[in-house]
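Student: Could we go through this model together, one feature at a time, so that I can see how each conclusion is reached?

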Amino acid sequence: MGARPNSDRVLEIRLLGEPLLSYRGTALPFRAPRRALALLAYLVLHAGELQRDRVAYALWPDVAEDRAKDNLRRHLHLLQAALPDAAVWLRAGRRTVAWNGNGRAWVDALVFDAGGELDDDSAVELYRDDLLTGFDDEWIVPYRERYRRRCAERLRSLVLRRLEHGDADAATEYGIRLLRFDPFREDDVRRLMEVRATARDRAGAAKLYHDLVRRLRDELGVEPDAETSRAYDDLVARDDPALRAVPKPSPRGVIALPATSFYGRERDVEMLGHLLESRRLITLTGPGGVGKTRLATEAAARMEPRFEDAVHVVDLAPVEDGALIAERMVQALGVRQPPGTTAEAALLAELRERDVLLVLDNCEHVLADVAHIAETLVRSTDRVRALVTSRAALRVPEEIVYHVQPLLVSAGSRLGGEDALHGPAVRLFIDRAVARDRSLDLAPHAKTIAGLCAKLDGLPLAIEIAAMNFRGTDLETLAATIGERVDLLGEGWRTASPRQRTLEAVFAWSFQLLDEPLRRLFLRLAVFRGGFTVDAARAVCDRSGADLAMRQLLAALAERSLLSTEEARGETRYRMLETTRAFAAGKLGESGDASAAERAHGTFFAGIAEQARAAYEHASDDVWLPPLYAEVDNFGAALERTLGAGREPQLGAAIAGGLADFWLTCGQESVAARWLEAAAALDPDCVHARVGLAAVYRRGYRFADALATVEPVIPALRESSDTATLCRALVVAGNSIVSSAVPGDRVAAERGRALVLESLRIAEQQRYAARTAEAHFALGLINDYLGDLAAALQEFEASQRLFRSAGKTMRAEHTGLSIAVVSYLVGDLDRAEAIARELTADSQAFNSMQLAHAFELLGTIAFDRGGVAAARAHMERALTLTIGTGQSALVDACLPRIARIQAAGGRPEDAIRLFAYARRCEENGALLRHPRERDAEAQAIVRLRQVHGDSFVRHWDEGYTATRGEMVRLVLGRDVPEVTPPKL
C-alpha cells in the first residue's frame with residue numbers, strides 16, 4: 001500500500017479533507033446524500049464485520065432506535081447504488097455489515113495510519129485537511145483528533161529535520177502548517193520563531209510572538225510562559241529595527257468590534273487566517289443574515305498585527321453607484337487625492353507599497369464594480385489583501401470563495417441535553433435573550449431552543465432577532481408564532497442598517513437585486529419542500545423552458561446564496577433554507593400566482609407517484625425506493641394542499657393512490673391510512689386509492705372494512721387493462737373474506753381462495769413477480785387460517801423466494817416472519833426462534849409493526865419453554881413498538897397475549913383485567929383474532945376463574961371498563977401516550 005494509488009485499477013477514497021472518490025483513474029461523483037457518504041467513511045475506518053445496531057446508533061444517535069435502523073437500511077441501499085461494483089466493496093448480512101477493500105481499494109486515511117509505510121513528507125502531503133471536513137458527527141471527533149495529532153507529530157519531525165539540513169524555507173512552511181493544529185502550543189511557536197530568526201526573518205519571528213500573546217490573552221486570559229517570553233526577549237535584544245516596528249499598527253486601521261459575544265466561528269476565523277497567508281482575494285459568501293460581516297470583521301481584527309500598514313473596513317452598502325466605490329475607499333482609508341487624479345489612481349498610488357488588509361463589506365449590489373477594483377488592487381500591488389463580503393461571488397480569477405455556513409444548532413449530533421446547550425446557535429439565543437432579561441434561566445430549555453434555532457436555519461441574525469423579541473413567553477409558542485411568517489420575528493438592533501434590521505428586510509434586499517425572470521422563478525420555487533431537481537423546477541415554474549435555461553437560472557439563484565445544492569444519485573438537487581422559503585412563500589401569495597404554482601407542483605408529483613406505482617411491478621427496492629425517499633417532503637406538501645385542504649381532490653387521490661405500495665413497503669401504515677382515507681372520501685372513483693386503502697385495512701386486521709372498500713371496484717377492474725391493480729384487489733378481497741369469516745366456514749374459505757387464485761393466474765400471465773409473490777403469500781395466510789400448516793409453509797417459502805428474485809428485500813424479510821410463525825405452530829421451535837432472532841437483529845429491514853410481531857413470537861417461544869421473565873421482556877418490547885405504530889387495533893391485540901404471561905408470572909389480577917379488556921374489544925368488533933388465540937385464552941380464563949373465585953369478578957369488571965391507556969400502564973408500569981398517526 002503506497003502513498004499514491006494505482007489509479008487505473010482501484011477505487012480511491014480520500015477522507016482527509018472534503019471527501020473525494022475516483023474509480024479507475026476518473027473522478028467519481030458520489031450520487032447519494034452526504035449521510036450515505038458518512039456511512040461509507042464509518043465502514044472504511046472501522047475494519048471488520050460490524051453489528052448493524054452499532055452502526056445505526058453511531059450515525060443516528062439522536063433518533064429512536066427503530067428509526068435509526070431504518071435509516072441505516074435505506075442509506076445502505078443508497079450507498080450500494082452510488083458505488084460501482086458495490087458487491088465487491090460492501091458485505092451486508094442480516095446482522096452485520098462490513099467494508100471489503102479486498103486489496104483493490106486505496107484509502108488515504110488508512111495509508112496515513114499505516115505508520116512506517118510512509119515517510120513524513122509523503123504523509124503530510126496526504127493530509128489535505130481534517131478528516132471528513134464539513135461533517136460534524138460525534139463518532140468522527142476522536143478519529144479526527146487522532147489524525148491531527150499524528151500529522152502534527154510528523155510536521156514537528158520535518159521542522160527539526162529541515163533545520164538540521166539548513167533548509168529554513170521548508171522548515172518555515174512546515175512550521176506554519178504545524179501551528180494550524182494548535183496555535184496555543186508554545187513549544188511549537190518557539191520552534192517556528194527560531195526557524196524564522198535563522199532565516200533572518202526576525203520580524204516574522206516577532207509577529208509569531210505577538211500573535212500568541214493576543215490569542216492567550218483574548219481566549220484563555222493567560223500570559224505566555226517564561227521560556228517563550230525569554231525567546232522573544234532574545235530577539236528584541238538584537239536591536240533589529242524591523243522588530244520594533246512589528247507591534248505598531250497604523251492607528252487608521254483599528255477595527256471597532258461589536259460588544260456582543262462571538263459564537264461558533266473560531267474554525268472559520270482560523271481558516272481565513274490560513275488562507276490569507278497565501279491568497280490575496282477572499283470573498284465570504286452566504287445567505288443574508290448568516291453573519292458574513294461579523295465574521296469578516298472578527299477575522300480582520302485578529303489578523304491586524306500581521307499587517308504592517310493596518311486593516312481597514314469599507315462598508316459599501318450605502319454606495320448606490322458603482323462608479324463611486326473608489327471614492328468611498330479613498331475616504332475610508334484617508335488617502336490623499338492630488339488634483340487632476342482619479343480616486344482609483346490615488347488609491348493605487350497609496351497602496352502600491354503598503355502591507356494592508358482591506359475588508360470590502362456588503363458588495364452584492366455593486367458586484368461588477370467591486371470585482372474590477374479588487375482585481376486591479378491585487379494585480380497592481382505587491383502586498384494588499386482583500387476580504388470581501390457578498391451574497392454572490394465576484395467571479396475574478398484571483399478570488400477564493402469561502403462559503404459561510406449557518407451556525408451549528410448542537411455541539412454534537414443530538415438536539416437535546418448537553419449537546420444542545422453547547423451548540424453555538426443555542427448559546428447565541430440564550431446570550432441575547434438573557435441580555436434583555438437577566439432573570440431568565442433558559443438552560444433547562446436547551447432542547448426546545450435547539451428546535452427553534454433549527455427552524456431558523458441556524459441564521460445568526462434570525463436567532464438574534466427572535467431572542468431579542470422573546471419576553472419570557474412559552475418557547476413553544478414562540479416557535480409556533482414564527483412558523484412560516486418571518487415578518488413576525490420582530491426587529492433587531494436599532495443601530496443596524498435598515499436592510500439588516502429585520503429578517504424580512506434581509507430577504508427583501510436580496511429579492512430587489514434579482515431581475516424579473518429570477519424573481520418569478522424564486523417565488524414559484526417556494527412551493528417545494530425538502531429540495532427539488534431541475535426537472536421538477538422546470539415542470540412547476542416554466543414548462544416551456546429548456547433544460548439548459550432552467551439550469552442557468554437555478555445556478556444564478558444559487559450563486560446569490562438563495563439556493564444551496566447537493567449531489568444525489570447522479571443529479572443535482574436544489575434546496576432553499578426554510579426561512580428563505582417562508583419569505584418567498586409570502587411574496588408568492590401576494591403575487592396571486594400561488595394557486596397555479598401549487599397546482600403545477602401537485603401535478604408533477606402526481607406523475608412521480610404514478611411512475612412509482614408502475615415501478616413497483618418491475619424494479620427492485622434499491623432502484624424504485626430511493627427516489628421516493630428524496631421526495632417525501634414534497635409529497636407531504638402536495639397532499640396537504642390537495643387532500644388536507646380539501647382542494648384538488650382528484651389530484652391528491654392520484655398522489656395517494658400512487659404511493660400506496662411505497663407506504664406499505666416501508667411500514668408507514670398510519671401515514672397511508674390518513675391520506676388514503678381522505679382520498680377515498682373526497683374522490684370515491686379513484687380505484688388505486690381505494691385498493692391501497694383496503695390493503696392498509698387488511699394489514700391492520702380491519703378485514704370487514706377492507707372487503708367493503710375493495711369489493712365494489714373489482715368488477716370495473718376486470719373490465720379494465722389495469723391488471724396489476726386487479727391482482728392486488730383480488731388478493732386483498734380474498735384474504736379479507738377468509739379472515740373475517742366464522743372459523744370453519746369452508747364456503748367463505750373457498751370463495752376467498754378462488755379470488756387469490758385468480759390473482760395468481762393473472763400475475764403469472766403478466767409476469768408480475770411481486771404480485772405473484774403476494775398471491776402466494778395470501779394463499780399461505782388462507783391455508784394457515786384453515787389449519788393446513790404444511791401447505792401454508794410451502795406457500796410462504798415460495799412467496800419469499802419470489803420476493804427475493806424480484807429484489808423486494810423488505811417484503812422478503814417480512815415473509816420470513818410468517819415462515820417463523822408457522823414453523824412454531826408445527827412444533828419447530830428452534831427454526832422459529834432462529835428466524836425471529838435474525839429478524840430482530842436485522843431490524844433495519846423491518847418496520848415497527850413487523851418487528852413487534854417478531855418480538856411477540858420470541859416471547860411466546862420463551863413462555864412455552866418456561867422462561868417467564870424473558871417472555872415478559874420480549875412482550876413488553878413488542879407492546880412498546882406496537883404503540884409506536886399509532887394503530888390502536890394492534891395494541892389491543894397485543895394485550896391479551898401478554899395476559900397469559902402475567903397469569904403464569906405471579907400477576908393473575910393483571911391477567912384477568914387484560915383478558916376482560918380484550919373481551920370487550922372483541923365484543924365491540926374492534927379486535928379480531930385467530931381461532932387458536934381465542935381457544936388458548938378461553939382455557940386460561942377458566943383456570944383463573946376457578947382459582948380466584950369472587951375476586952375474579954371484581955378484577956374482570958375493572959378490566960372490562962378500563963381504557964387502553966390504563967391497560968398499557970398496567971403492563972409497562974408507566975404512561976405511554978398513544979401515537980397520533982404521523983403526517984407524511
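**Cavities, strands and loops**

Tutor: A search of the whole structure, which is a predicted model, finds four cavities of 30 Å³ or more.

Student: How much space lies in the largest cavity?

Tutor: The lining of this cavity includes Arg613, Glu617 and Arg771, and helices α32 (649–665), α34 (687–699) and α37 (723–740) each supply at least two of its residues. The space that lies in the largest cavity is about 100 Å³.

Student: How do the residues of the lining of the largest cavity divide into nonpolar, polar and charged?

Tutor: Among the lining residues are Ala660, Val691 and Ala724, as well as Gly657, His688 and Thr725, and also Asp661 and Arg728. Counted by class, the residues of the lining divide into three nonpolar, four polar and five charged.

Student: Which residues of helix α28 are buried?

Tutor: Helix α28 (residues 594–615) has 22 residues and reaches 31 Å from its first C-alpha to its last, which is close to the 32 Å expected at 1.5 Å a residue. In an α-helix, residues three or four places apart point the same way, because there are 3.6 residues a turn. The buried residues of α28 are Ala594, Ala597, Ala600, His601, Gly602, Phe604, Phe605, Ala606, Ala609, Ala612, Arg613 and Ala615.

Student: Is strand β10 largely enclosed by the rest of the structure or left open, and why?

Tutor: Leu357, Val359 and Asp361 point one way from β10, while Leu358 and Leu360 point the other way, and all are buried. Since five of the five residues of β10 (residues 357–361) are buried, the strand is largely enclosed by the rest of the structure.

Student: Which residue of β11 stands opposite Val359?

Tutor: On one hand, strand β9 (residues 311–315) is joined to β10 by five bridges and runs parallel with it, with Val313 standing opposite Val359. On the other hand, β10 pairs with strand β11 (residues 385–389) in the parallel sense over four bridges. In that pairing with β11, the residue opposite Val359 is Leu387.

Student: What is the handedness of the β-α-β unit that β10 and β11 make with a helix?

Tutor: The helix of this unit is α17 (residues 367–380), and the two strands, β10 and β11, pair in the parallel sense. The β-α-β unit is right-handed.

Student: Asn362 lies in the loop between β10 and α17; is Asn362 buried or exposed?

Tutor: The backbone of Asn362 has a positive phi of about 65°, although the residue is not a glycine. Its relative accessible area is 12%, and because the cut-off for a buried residue is under 20%, Asn362 counts as buried.

Student: What is the bridge partner of Leu284 in β12?

Tutor: Leu284 belongs to β8, where Leu281, Thr283 and Thr285 on one side and Ile282 and Leu284 on the other are all buried. Four parallel bridges join β8 to β11, with Ile282 opposite Leu387, and β8 also pairs in the parallel sense with strand β12 (residues 400–403) over four bridges. In β12, the bridge partner of Leu284 is Tyr402.

Student: Which strands stand at the edges of the open sheet of four strands, β3-β2-β1-β7?

Tutor: The pairing in this sheet is mixed, and one of its pairs is antiparallel, with four bridges joining β1 (residues 11–14) to β2 (residues 20–23) and Leu11 partnered with Tyr23. Two of the strands have a single partner strand each, so one side of each is left without a neighbour in the sheet. These edge strands are β3 (26–27) and β7 (105–107).

Student: What is the relative accessible area of Glu648?

Tutor: Glu648 lies in the loop between α31 (632–644) and α32, and its phi is near 50°, a positive value in a residue other than glycine. Glu648 is partly exposed, with a relative accessible area of 33%.

Student: What distance separates the C-alpha atoms of Gly93 and Leu50?

Tutor: Gly93 lies in the loop between β5 (90–92) and β6 (96–99) and is partly exposed, with a relative accessible area of 27%. Gly93 and Leu50 are 43 residues apart along the chain, and their C-alpha atoms are separated by 9.9 Å.

Methods
Residues are numbered from 1 along each chain as its sequence is written. This is a predicted model: local features need pLDDT of at least 70, side-chain atom pairs count only at pLDDT 80 or more; totals for chains, interfaces and linings use all residues. Side-chain values use heavy atoms; hydrogens and water are left out. On a 1 Å grid over the protein atoms alone, a cavity is a set of points where a 1.4 Å probe fits but cannot get out, and a pocket is an open set with protein on both sides within 12 Å along at least five of seven lines; lining residues have an atom within 4 Å of a point. Grid points are joined across faces, edges and corners, and a volume is the space filled by probe spheres set on the points. Ala, Val, Leu, Ile, Met, Phe, Trp, Tyr, Cys and Pro count as nonpolar, Asp, Glu, Lys and Arg as charged, and the others, Gly among them, as polar. Buried means under 20% relative accessible area, exposed over 50%, partly exposed in between (1.4 Å probe, protein chains only). Two strands pair if DSSP finds at least two bridges between them. A crossover is right-handed if, with the strands pointing away from the viewer, the path from the first strand over the helix to the second runs clockwise. The expected span of a helix is 1.5 Å times one less than its number of residues.
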